[in-house]
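Work through the following exercises with the sequence and the model side by side. Each task is followed by a solution that goes step by step.

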Amino acid sequence: MPSLCEGLGISALEAIASGVPAVLANIDGLADIASETDSVVLTSTAAQSIADGIAQVASTQIVERQARALLDSARIRELYSIPNGVQSVINGLYRRDQSAA
């Protein structure tokens, strides 16, 4: 995902959650997602860096690549699940309410 600016890279999350190996630009948002995984490749936004990242993923044995992608998928699905998202909002609202009192 050769993006220059991302808040929350939903397409990256969806791809990783689907078990697809990912090559992401090392920018805020995408780097945050990658930090929660073991096999996502981070690159600069330069074309050669992206090509090198794709080559790195492609050079990994397919069985290993699939196994890593599935582990990352499980981790992302857990972290960004609906229950965890709801709990995060509730926690944020509760903390905000407590600090206003």
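A polar contact is a pair of N or O atoms within 3.5 Å, where, within protein, one atom must be able to donate a hydrogen and the other to accept it. The model used here is a predicted one.

**Exercise 1. Find the polar contacts of Ser59 and Gln48, and decide whether each of these residues is buried or exposed.**

Solution. Begin with Ser59, which is located in helix H3, the helix of residues 47-59. The side chain of Ser59 comes to 2.9 Å from the backbone oxygen of Gln56, and because the cut-off for a polar contact is 3.5 Å, this pair falls within it. Ser59 has a relative accessible area of 56%, and since exposed means over 50%, Ser59 is classed as exposed.

Turn next to Gln48, which also belongs to helix H3. Here the partner is the side chain of Asp52, and the two side chains are joined by a polar contact of 2.8 Å. Gln48 has a relative accessibility of 54%, so Gln48 counts as exposed.

**Exercise 2. Describe the overall make-up of the protein chain, from its secondary structure to its surface.**

Solution. First count the elements: the chain contains 5 helices and 2 strands. Then read them in sequence order, which gives the pattern α-β-α-β-α-α-α. Next consider burial, where 29% of the 101 residues are buried. For the surface, the chain exposes about 6,600 Å², of which carbon and sulfur atoms supply 56%. Finally, take the contacts between residues at least 6 apart in sequence; of these, 45% join residues at least 24 apart.

**Exercise 3. Characterise the packing of helix H1 against helix H4.**

Solution. Two packed helices are described by the angle between their axes and the distance between the axes. For helix H1 (residues 10-17) and helix H4 (residues 62-79), the angle is about 125° and the axes are 7 Å apart. H1 is therefore oblique to H4. On the H1 side, the contact is made by Leu13, Ile16 and Ala17, while H4 contributes Ala69, Asp72, Ser73, Ile76 and Arg77. Sorted by character, the residues of this contact comprise 5 nonpolar, 1 polar and 2 charged.

Now look at Leu13, a residue of helix H1. Its relative accessibility is 7%, so Leu13 counts as buried. If neighbours within four places in sequence are left aside, Leu13 is in contact with Leu8, Ile33, Ile76 and Tyr80. As a further check on distance, Leu13 and Leu30 are 17 residues apart in sequence, and their C-alpha atoms are 8.9 Å apart in space.

**Exercise 4. Establish where Thr37 lies, whether Thr37 is buried or exposed, and which residues Thr37 is in contact with.**

Solution. Locate Thr37 in the loop between helix H2 (30-34) and strand E2 (41-43). Because its relative accessibility is 11%, Thr37 counts as buried. A polar atom of the Thr37 side chain lies 2.7 Å from the backbone oxygen of Ala34. Beyond its neighbours within four places in sequence, Thr37 is in contact with Ile16, Asp72 and Ile76. These three residues also take part in the contact of H1 with H4, Ile16 from H1, and Asp72 and Ile76 from H4.

**Exercise 5. Identify which residues Asn26 touches, not counting residues up to four places away in sequence.**

Solution. Start from the position of Asn26, in the loop between strand E1 (23-25) and H2. With residues up to four places away in sequence not counted, Asn26 touches Ala31, Leu42 and Thr43. For the pair Asn26 and Thr43, the separation is 17 residues in sequence and 5.5 Å in space, C-alpha to C-alpha.

Note on methods
Residues are numbered from 1 along each chain as its sequence is written. This is a predicted model: local features need pLDDT of at least 70, side-chain atom pairs count only at pLDDT 80 or more; totals for chains, interfaces and linings use all residues. Side-chain values use heavy atoms; hydrogens and water are left out. Axes are lines fitted to C-alpha atoms, for helices over the stretch in contact, and angles run from 0 to 180 degrees between N-to-C directions. Helices (H or I, at least four residues) and strands (E, at least two) are DSSP runs, numbered from the N terminus. Angles under 35 degrees count as roughly parallel, over 145 as roughly antiparallel, 65 to 115 as roughly perpendicular and the rest as oblique. Contact means heavy atoms within 4.5 Å. Ala, Val, Leu, Ile, Met, Phe, Trp, Tyr, Cys and Pro count as nonpolar, Asp, Glu, Lys and Arg as charged, and the others, Gly among them, as polar. Buried means under 20% relative accessible area, exposed over 50%, partly exposed in between (1.4 Å probe, protein chains only). Accessible areas come from the Shrake-Rupley method with a 1.4 Å probe; for residues, only the protein chains shown count as cover.
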